Amino acid sequence: MLPAVLVFGLGLAVTVAPLTSTALDAAPDAQAGIASATNTVVARTAGLVAVAVLPAAAGISGDDYLRPAALLGGFHAAVVIAAIVCAAGGVLAALTLRTGTDRSEAPAPHEMSCALDAPPLRRGD
């Protein structure tokens with residue numbers, strides 16, 4: 001199990017930060033909070049669904065912890081299913097997320113103030 005868990009952890013480390021950054025970059029600056037919240041909700045929901053569905057999809061039953069061979073076989077099936085789903089998610093992200101959104105409606109830098117606790121605001125005359 002250790003090699004599979006190490007590969008999984010490495011995969012998360014390599015993919016989560018860039019994917020999150022790309023998802024947030026795809027939203028306008030004014031919607032950064034909503035984009036971050038949506039990204040977090042989707043990630044947490046997917047994790048919960050995976051924990052609930054993946055063992056059943058791999059054929060792991062509640063009694064398999066008593067039979068190590070059955071648990072190991074189910075674990076191997078779960079890893080393959082998870083790899084396929086992760087690869088499909090990567091392809092979907094590559095096809096649908098875009099960086100460098102059009103920010104032409106954003107105010108020019110000299111029209112903005114620098115706020116430390118909130119998004120930048122336009123300066124009043």
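Let me begin with residues 109-115, where pLDDT stays under 50 and where the model nevertheless lists eleven contacts beyond four places in sequence. This is a predicted model, and I would ask you to keep that in mind whenever I quote a position or a distance. For the protein as a whole the mean pLDDT is 78, with 77% of the residues reaching 70 or more. If we go through the elements, α2 has the highest mean pLDDT, at 89, and α1 has the lowest, at 82.

Those two helices are a good place to turn next. The axes of α1 and α2 lie 9 Å apart, and the helices pack at an angle of about 140°, with α1 passing α2 in a right-handed crossing. On the α1 side the contact is made by Thr20, Ala23 and Leu24, while α2 contributes Ala32, Ala35, Ser36 and Asn39.

Now to helix α3, which covers residues 68-96 and so counts 29 residues. From its first C-alpha to its last, α3 reaches 41 Å, and that is close to the 42 Å expected at 1.5 Å a residue. Which residues of α3 are buried? They are Gly74, Phe75, Ala78 and Ala93, and what covers them includes α1, residues 2-25, and α2, residues 32-57.

Another residue to look at in helix α3 is Ala83. Ala83 is partly exposed, since its relative accessible area of 45% falls between the 20% and 50% limits. Along the chain Ala83 and Phe8 are 75 residues apart, and yet in the model their C-alpha atoms are separated by 8.9 Å.

Finally, let me come to charged side chains. In general, side chains of opposite charge can pair when their charged atoms come close. How many salt bridges does a search of the whole structure find? The search finds one, and it is formed by Asp64 with Arg67, whose closest N and O atoms are 2.4 Å apart. As for the surroundings of the two partners, Asp64 is buried, because its relative accessible area of 3% is under the 20% limit. Arg67, by contrast, counts as partly exposed, with a relative accessibility of 45%.

So, to look back over the model, we have α1 and α2 packing at about 140°, the buried residues of α3 covered in part by those two helices, and one salt bridge in the whole structure. I would close where I started, with residues 109-115, because a pLDDT under 50 there is low on a confidence scale that runs from 0 to 100.

Conventions:
Residues are numbered from 1 along each chain as its sequence is written. This is a predicted model: local features need pLDDT of at least 70, side-chain atom pairs count only at pLDDT 80 or more; totals for chains, interfaces and linings use all residues. Side-chain values use heavy atoms; hydrogens and water are left out. A salt bridge is a side-chain nitrogen of Lys or Arg within 4 Å of a carboxyl oxygen of Asp or Glu. Buried means under 20% relative accessible area, exposed over 50%, partly exposed in between (1.4 Å probe, protein chains only). Helices (H or I, at least four residues) and strands (E, at least two) are DSSP runs, numbered from the N terminus. The expected span of a helix is 1.5 Å times one less than its number of residues. Contact means heavy atoms within 4.5 Å. pLDDT is the predictor's confidence in each residue, from 0 to 100. Axes are lines fitted to C-alpha atoms, for helices over the stretch in contact, and angles run from 0 to 180 degrees between N-to-C directions. A crossing is left-handed if the near helix is turned anticlockwise from the far one by less than a right angle, and right-handed if clockwise.
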